[in-house]
Amino acid sequence: MPAFAGMTIMTTPKILVIPGSLRTGSHNARLAALAAKELALAEAEVTRISLEDYPLPLFDADLVAAAGPPQPAVQLKQMLLAHQGVFITSPEYSASVTPLIKNTIDWISRVRDPGEPTYAAFKGRVFAIGSAAASSGGGVRSLMALRQILELGCGALVIPEQVSVPRADQAFDDMDNLKDESAAAALKTMARRLVELASVMS
Ligand SMILES: Cc1cc2nc3c(=O)[nH]c(=O)nc-3n(C[C@H](O)[C@H](O)[C@H](O)COP(=O)(O)O)c2cc1C
């Protein structure tokens with residue numbers, strides 16, 4: 001946290017937005033786009049990516065031993081390092097995150113420069129999470145799993161404010177806004193809090 005004479009210096013934070021689904025018409029991609037808008041309104045500099053542009057094989061330690069981590073994993077780690085905040089939105093698959101998100105996080109966690117501490121890309125920045133899911137549960141089990149992976153697995157700071165969108169196929173209007181006022185308010189609250197905390201990360 002940068003500080004001068006006891007004062008915290010706040011800067012325009014860079015926030016990375018990652019949807020955890022590649023599906024055409026993905027509700028989580030819609031949620032990611034809406035989150036990107038809210039983060040920009042909260043005065044962040046936002047980068048929204050698709051993991052389609054970072055194709056990775058299923059993690060296998062033999063691949064690392066043979067050739068090191070693939071280039072997309074290295075690029076994703078660099079993307080994380082270049083941002084002070086990260087928003088990840090994952091669908092709920094079988095009461096957990098998608099294999100896409102888990103595989104991506106596992107790969108990034110194995111990209112390590114000589115002498116670098118473990119999980120460097122997950123530390124020194126702040127994370128927020130969301131889920132849009134088909135059921136009335138709103139992907140809360142996916143959110144719990146993602147929080148566990150990031151916090152307990154990778155040592156990341158994940159803010160308590162999170163976004164849960166139940167019955168995702170009916171949750172968005174024609175303008176791709178959330179119809180439910182409480183979900184829309186939760187998204188705004190998450191965005192403001194993420195920007196506020198990211199702005200004081202070095
Ligand atoms: C393999 C698989 C497992 C799923 N498991 C759940 C689940 O546990 N809970 C749930 O609410 N929806 C579940 N769904 C439905 C997804 O939440 C729904 O397809 C959602 O729209 C996927 O997100 P997307 O639109 O961003 O691709 C599952 C879908 C798939 C393909």
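Student: How many ångströms separate an oxygen atom of the ligand from an N or O atom in the side chain of Asn-28?

Tutor: A polar contact is a pair of N or O atoms within 3.5 Å, and within protein one must be able to donate a hydrogen and the other to accept it, while residues adjacent in sequence count only if both atoms are side-chain atoms. Here an N or O atom in the side chain of Asn-28 is 2.8 Å from an oxygen atom of the ligand; for the side chain of Arg-23 the value is 2.7 Å, and a backbone N or O atom of Ala-134 lies 3.1 Å from a ligand oxygen. Taken alone the ligand exposes 630 Å², of which the protein buries 71%, with accessible areas taken from the Shrake-Rupley method with a 1.4 Å probe and, for residues, only the protein chains shown counting as cover.

Student: On what basis should I read such values?

Tutor: This is a predicted model, in which local features need pLDDT of at least 70 and side-chain atom pairs count only at pLDDT 80 or more, whereas totals for chains, interfaces and linings use all residues. Residues are numbered from 1 along each chain as its sequence is written, and side-chain values use heavy atoms, with hydrogens and water left out.

Student: Is Asn-28 buried or exposed?

Tutor: Buried means under 20% relative accessible area, exposed over 50%, and partly exposed in between (1.4 Å probe, protein chains only). Asn-28 counts as buried because its relative accessible area is 3%, and its place is in helix α1, helices (H or I, at least four residues) and strands (E, at least two) being DSSP runs numbered from the N terminus. With contact meaning heavy atoms within 4.5 Å, and neighbours within four places in sequence left aside, Asn-28 touches Pro-19, Thr-89, Ser-90, Pro-91, Ser-131 and Ala-132.

Student: Which strands pair in the parallel sense over four bridges?

Tutor: Two strands pair if DSSP finds at least two bridges between them; here β3 (residues 14–19) and β4 (residues 45–48) do so in the parallel sense. The chain crosses from β3 through helix α1 (residues 27–41) to β4 in a right-handed β-α-β crossover, a term which means that, with the strands pointing away from the viewer, the path from the first strand over the helix to the second runs clockwise.

Student: What is the phi of Glu-43?

Tutor: Glu-43, although not a glycine, has a positive phi of about 75°; this residue lies in the loop between α1 and β4 and is exposed, with a relative accessible area of 61%.
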